[in-house]
Each structure stands twice: as structure tokens, then as C-alpha cells.
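Welcome! Have a look at the sequence and the 3D view, then try each exercise before you read its solution.

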Amino acid sequence: MRNNTFEEIAAALAQGKSILLFPHIHADGDALGSCSALCRALRKAGKDCWVLIEDRIPENLQFLDRDYCTTDQDILGAPDLSVCVDCSDMDRIHNRGRRFLSAKVTVCIDHHRTTDSFCDLNYIDSSAAATGELIYGLLTACGAEIDREIAEAIFAAIVTDTGRFQYSNTSRHTHEIAAALYDAGIDAGHICTEIYESMRMERLMIRNMALNTMSTVAGGRAVIAYVTQEMLRETGAFLDETDGIVEELRSIKGVEAAVFLKEAEDGSIKVSMRSKEALNVAEIAQTMGGGGHIRAAGCTLTCSLSDAYDQIRNRLTDGLERL
Ligand code: AMP
Ligand code: MN
Ligand code: MN
């Protein structure tokens, strides 16, 4: 599995005229920040470029979309290039797969450790804290100017995937890039206000209700909580407004692993897993058809909430016993 170089990817981008960017489904700050930064840089270079999404952008990330995002799969027809960003496999391109593959050349820029090189050109670096770090590397390698707007989008990508520079994926390099973004004129305080202090009241209400479902397993070394469609209806919250709850569960003293189960609209169960210092949750997620990182992973199960709960409890207990 060989990575291409940033220079090879930059050359391919330079040759294309129409370029579609694909963040993973249920795009987060890293996926949207990385796509927005790349989209702006490519448009400045004269390309027809759009970010193709298929679901709602979370309220607190909408400031990143300055007319870059579209749900119109035909906006460019078959593009010269498709670039998937922060997205580990075709499953997470979800219903946009046919459009993705209609491009002459496909490119993957990602940092998930479970990603295989599934595109024509690949840059996959699991040591990067965020795909935003890789976008920064790509843009600087091809001599693109990092203007303030691009810098703020990359900062949003990095600040969200590192949990505000706290998680163990944060490195010296992460901070060096952040320093360069300050040089480009970012207002970091304002970006953080947009992301973290622009919540809807409904978000706090669903958090409150979801935290009430919390229970411990494996003698208190793991915690599980869940959210159902009924709870969302009752509070008026969106499913994406439960993002962040699993990290709160992990923050409990003595807890090594936290799992949050989300009943989706179609009845499937989306599983978010986090670990603190020892358990490899990417491995557990992979055995259930998902993937991710060592400390943050997930999968989607097609079973009832209580079956998902039992499965997860067993895997957590096994995993923690083997440590
Ligand atoms: P989340 O809990 O949704 O924030 O996801 C945490 C990590 O797990 C992310 O890096 C995702 O890429 C990965 N992940 C979540 N769900 C899936 C899935 N269904 N398949 C593969 N990876 C996933
Ligand atoms: Mn992501
Ligand atoms: Mn990411």
C-alpha cells in the first residue's frame, strides 16, 4: 500500500478542470473544514469545484459552507476528478458512490488507520491528527496561498478532530500547523465560538436525556448510553446534536471505554466508540464492519437497540479483560 506524494496529487489536481469533493457521510468538522479549505483553494486556481454532500450540515458547522456545498449530484456531470476527504471507504461515500466513481481520476486524502488505498491516487497518513493537517500539507506542497478563510477552515478541522488540541493524536506538528494558521490571520477565538458556543437549546436537552440512559459495564471500566428516535422527537433535537456525548462519557474517572448508541431514522444503530489510554476500539469496530482510529471508532449495526447494547457490552467486556 504505497502513498502517492502531495506533488503527484497536486499535479493531478492541476490537470483537471472540474473537481468534486466528497466528505464522509454525516460530515464532521474535519471533513467539512478540510473540504471547504480545499474547495476554496481549487476555485482560486480556476477550477470548477464543489463539495458534494447528502445530509444536513450540523448547525454549528454551517459557517464553513460559503457556497461550497451542494446536494446536486449532477452539478458538474462526470467530473475530471473526485476527491474523497476524511473518508475511509466507499461505504462512507454512501449514496454518492456512483458519482464518485464517474470521475476520470479518483483521489483519497485521509487519516483513518483502517483505510485501504481504494482510489487511483492515495494519501493516507494515520499519524495525522486530522485530515485538515494533510490538506495543509497538500496546499503548501503545491505553493497555494493559505489565505485567512482557508486557514480558518483548516483550523476548524484540526480543533474538532483533536478535541481542542487535547486528544492523544495531537502532536508537535499539529501545533506547528496551528501556528502557521495564526500567521495567516485566523481568529481562533471566533472559530471556537462558532463551533462550541453556538448550540441550540435542544442540544442540551437531548444531552441531558441521553446522559440519563448511562450504565456501566465491565465493572465500571466502560460506560454505555444511547439515544432513540423517540427521545429526539421529544426534545426536538437532531441526531447530529448528540455528537460530543460519547467524549463526555469517556471523561469519567476510571472509565477506559465509552460507547454511545444512536438509533437512526431508518432504524439502524450507529455505534460511536471511544477509549482513553489502552483499548483499541478501531479493532472492535472493524470486527463489526466499521472502522476508525485506535481511540475513536464506529460501526453501523442493523439490529434492535437492545441487541446492539448486548453485543457491544460483550465485546467491551472481552476487550477490557484481554488488556
Ligand atoms: P463517530 O463516533 O461517528 O465520531 O466516529 C468515530 C470514528 O469512527 C470516525 O473516525 C469514523 O471514521 C469511524 N466510523 C464511525 N462510523 C463508522 C462506520 N460505520 N464505518 C467505518 N468507520 C466508522
Ligand atoms: Mn471525520
Ligand atoms: Mn478526521
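The exercises below visit the metal site, a ligand shell and the strands.

The model is predicted, and local features need pLDDT of at least 70, side-chain atom pairs count only at pLDDT 80 or more, while totals for chains, interfaces and linings use all residues. Residues are numbered from 1 along each chain as its sequence is written, chains are lettered from A and ligands numbered from 1 in the order in which they are written, and side-chain values use heavy atoms, leaving out hydrogens and water.

**Exercise 1. The two manganese ions**

Find the protein donors of each manganese ion, and the residue that coordinates both. Donors are N, O and S atoms within 2.8 Å of the metal (3.2 Å for Na, K and Ca); water is not among the atoms, so sites may look incomplete.

Solution.
- Step 1: Start with the manganese ion (ligand 2), which is coordinated by His24 (NE2), by Asp28 (OD) listed twice, and by Asp86 (OD), at 2.1 to 2.7 Å. Along the chain these donors follow the spacing H-x3-D-x57-D.
- Step 2: Turn to the manganese ion (ligand 3), whose donors Asp30 (OD), Asp86 (OD), His111 (NE2) and Asp161 (OD) lie 2.1 to 2.3 Å from it. Their spacing in sequence is D-x55-D-x24-H-x49-D.
- Step 3: Compare the lists: Asp86 coordinates both ions, which are 3.6 Å apart.
- Step 4: Place Asp30 and Asp86 in the chain, 56 residues apart: Asp30 is in helix H2 (residues 29-44), and Asp86 is in the loop between strand E4 (81-85) and helix H3 (97-101). Helices (H or I, at least four residues) and strands (E, at least two) are DSSP runs, numbered from the N terminus.

**Exercise 2. Buried or exposed?**

Classify His24, Asp28, Asp30 and Asp86 by their cover. Buried means under 20% relative accessible area, exposed over 50%, and partly exposed in between (1.4 Å probe, protein chains only).

Solution.
- Step 1: His24 has a relative accessible area of 5%, so His24 is buried.
- Step 2: Asp28 has 24%, so Asp28 is partly exposed.
- Step 3: Asp30 and Asp86 are both buried.

**Exercise 3. Around ligand 1**

Describe the shell of residues near ligand 1, where near means that a heavy atom of the residue lies within 4 Å.

Solution.
- Step 1: The shell has 13 residues, and Arg92, His112, Ser272, Arg274 and Gly298 are the closest.
- Step 2: Sort them by class: three are nonpolar, eight polar and two charged. Here Ala, Val, Leu, Ile, Met, Phe, Trp, Tyr, Cys and Pro count as nonpolar, Asp, Glu, Lys and Arg as charged, and the others, Gly among them, as polar.
- Step 3: Look at oxygen atoms of ligand 1: one is 2.9 Å from an N or O atom in the side chain of Arg92, and an oxygen atom is 2.8 Å from an N or O atom in the side chain of Arg274.
- Step 4: Ask which elements give two or more residues to the shell: they are strands E10 (269-275), E11 (291-292) and E12 (296-301). E12 gives the most, with five residues.

**Exercise 4. Strand partners**

Trace the strands that pair with E8. Two strands pair if DSSP finds at least two bridges between them.

Solution.
- Step 1: Strand E7 (residues 215-217) runs antiparallel to E8, joined by three bridges, and Val217 stands opposite Ala222.
- Step 2: Six bridges join E8 to strand E9 (residues 257-263), and these two run parallel. Tyr226 has Leu261 as its bridge partner in E9.
- Step 3: Five of the six residues of E8 (residues 222-227) are buried, so E8 is largely enclosed by the rest of the structure.

Key: A residue is near a molecule or strand if one of its heavy atoms lies within 4 Å of it. A polar contact is a pair of N or O atoms within 3.5 Å; within protein, one must be able to donate a hydrogen and the other to accept it, and residues adjacent in sequence count only if both atoms are side-chain atoms.
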